[in-house]
Amino acid sequence: MSTQTLIPTTIDPQAASFAARFGLQAPLAEMVGHLKQHVPGLQSVVVEYAPAYDTGEDGILIQAWCNAAQPPQQQYWQQFSDWKTARFSADVWRHVTLILSCDERHGG
Amino acid sequence: MAGRNFLNVARFVLSGQSEYHWRAAVIHAYYALFLECRDALLAWGQNPAQGQNVHAWARLRFAYSSSADLKKIAGALDKLVRLRNKASYELTATALFSSPATAQDAIQTAEHELALLDQILADPLRRQAAITSLPP
C-alpha cells in the first residue's frame, strides 16, 4: 500500500454534489492525488463545500493539514496553485481552492 | 492605491492574543489584496456589470486572463477569499484560527501578490501586457 492511500481523506456530501454538478470529479481526484504526492508531512485532507456568502461564488475547499515539523506551508501552496492553474482551465480551477495548514494536533 | 493600508491593520491585529484577532488579520489581508486588484482593474478601464458581485468580478477577471502573473494573483485571491469567508462567517471553533499561523500565512500571501502587482503596475510593458491579457 502506498503512503498516499494512508492519508485520511474526507469528502463531504455537499462538496461531492457540487463536484458532480460541475463535472469536477476527475479534476478534484487529480488535485487531491497531486497534493498527496507532492506535499511532505501531509496528515489529512478534508474536501468541503465552500459557500459564497457575500463574495459571489460557491465552490470546493480542500483543507489539507501537515504536521507542525514541516516548513512554512506557503511554498507548497504556491507550487500546488501554479500546477493547478497550468493543468486545468479556469472553468475548472476557479471552483477548487486549497488551504494548506500546519498544526501540531495533526501529527508531527 | 489605498487598499494595501489594510495590510498594516492585519499586521497590527496579528499581535493580538485571541482567535478573533487572528480572524480579523485574515479578513484585512484579503481586503488589502482584493481592493488593490479591483482598483487596478478600474484603472485599466474595466468595470463590473451592473449588479455583478465585485469580489467575484475582480477574481475572475484575473483568473480568465492569459497572463501567468494575473492567474497567480487570482489563485491567491481565491485562497484568501475562502479564508476570509471562514474568518468572517464560520464562527465555530476551528484549528485554522487557534493560533496566528493562518493569519501569518494570509498576510504573507497578500504581501507576495501585492509585490507582484506592483511590479506589473510599475513597468509600462508588463502593465500593457496585463491589460491586453484580460478577457473581452
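1. Two residues are taken to be in contact when their C-beta atoms, placed from the backbone, lie within 7 Å. With that cut-off, and bearing in mind throughout that this is a predicted model, 18 residues of chain A are in contact with 22 residues of chain B.

2. On the chain A side of this interface, the elements that give two or more residues are H4 and E4 of chain A. The residues of chain A that touch chain B divide into 6 nonpolar, 8 polar and 4 charged.

3. Turning to the fold of chain A, 4 strands form an open sheet in the order E1-E2-E3-E4, and the pairing within this sheet is mixed. Strand E1 (9-11) and strand E4 (96-102) of chain A are the edge strands, each of which pairs on one side only, and the twist from one strand to the next averages 15°.

4. The mixed character of the pairing can be followed strand by strand. E1(A) and E2(A) run parallel and are joined by 3 bridges, and at this pairing Thr9(A) stands opposite Val45(A) in E2(A). Strand E2 (residues 42-50) and strand E3 (residues 59-66) of chain A, by contrast, run antiparallel and are joined by 8 bridges. Within this antiparallel pair, Val46(A) has Gln63(A) in E3(A) as its bridge partner, while Glu48(A) stands opposite Leu61(A) in E3(A).

5. Two helices of chain A should be considered together with the sheet. Helix H2 (residues 13-21) of chain A lies across E1, E2 and E3 of chain A and runs at about 65° to E2(A). Helix H4 (residues 73-87) of chain A also packs on the sheet, where it touches E3 and E4 of chain A, and its direction makes about 160° with that of E4(A). A reader tracing the interface will recall that H4 and E4 of chain A are the elements that each give two or more residues to the side touching chain B.

6. In chain B, helix H3 (residues 54-63) and helix H4 (residues 68-89) pack at an angle of about 145°, with their axes 7 Å apart, and the crossing of H3(B) and H4(B) is left-handed. From H3(B) the contact is made by His55(B), Arg59(B), Phe62(B) and Ala63(B), and from H4(B) by Leu70(B), Lys71(B), Ile73(B), Ala74(B), Leu77(B), Asp78(B) and Val81(B). The residues of this contact between H3(B) and H4(B) divide into 7 nonpolar, 1 polar and 3 charged.

Key
Residues are numbered from 1 along each chain as its sequence is written. Chains are lettered from A and ligands numbered from 1 in the order in which they are written. This is a predicted model: local features need pLDDT of at least 70, side-chain atom pairs count only at pLDDT 80 or more; totals for chains, interfaces and linings use all residues. Two strands pair if DSSP finds at least two bridges between them. Axes are lines fitted to C-alpha atoms, for helices over the stretch in contact, and angles run from 0 to 180 degrees between N-to-C directions. Ala, Val, Leu, Ile, Met, Phe, Trp, Tyr, Cys and Pro count as nonpolar, Asp, Glu, Lys and Arg as charged, and the others, Gly among them, as polar. A crossing is left-handed if the near helix is turned anticlockwise from the far one by less than a right angle, and right-handed if clockwise.
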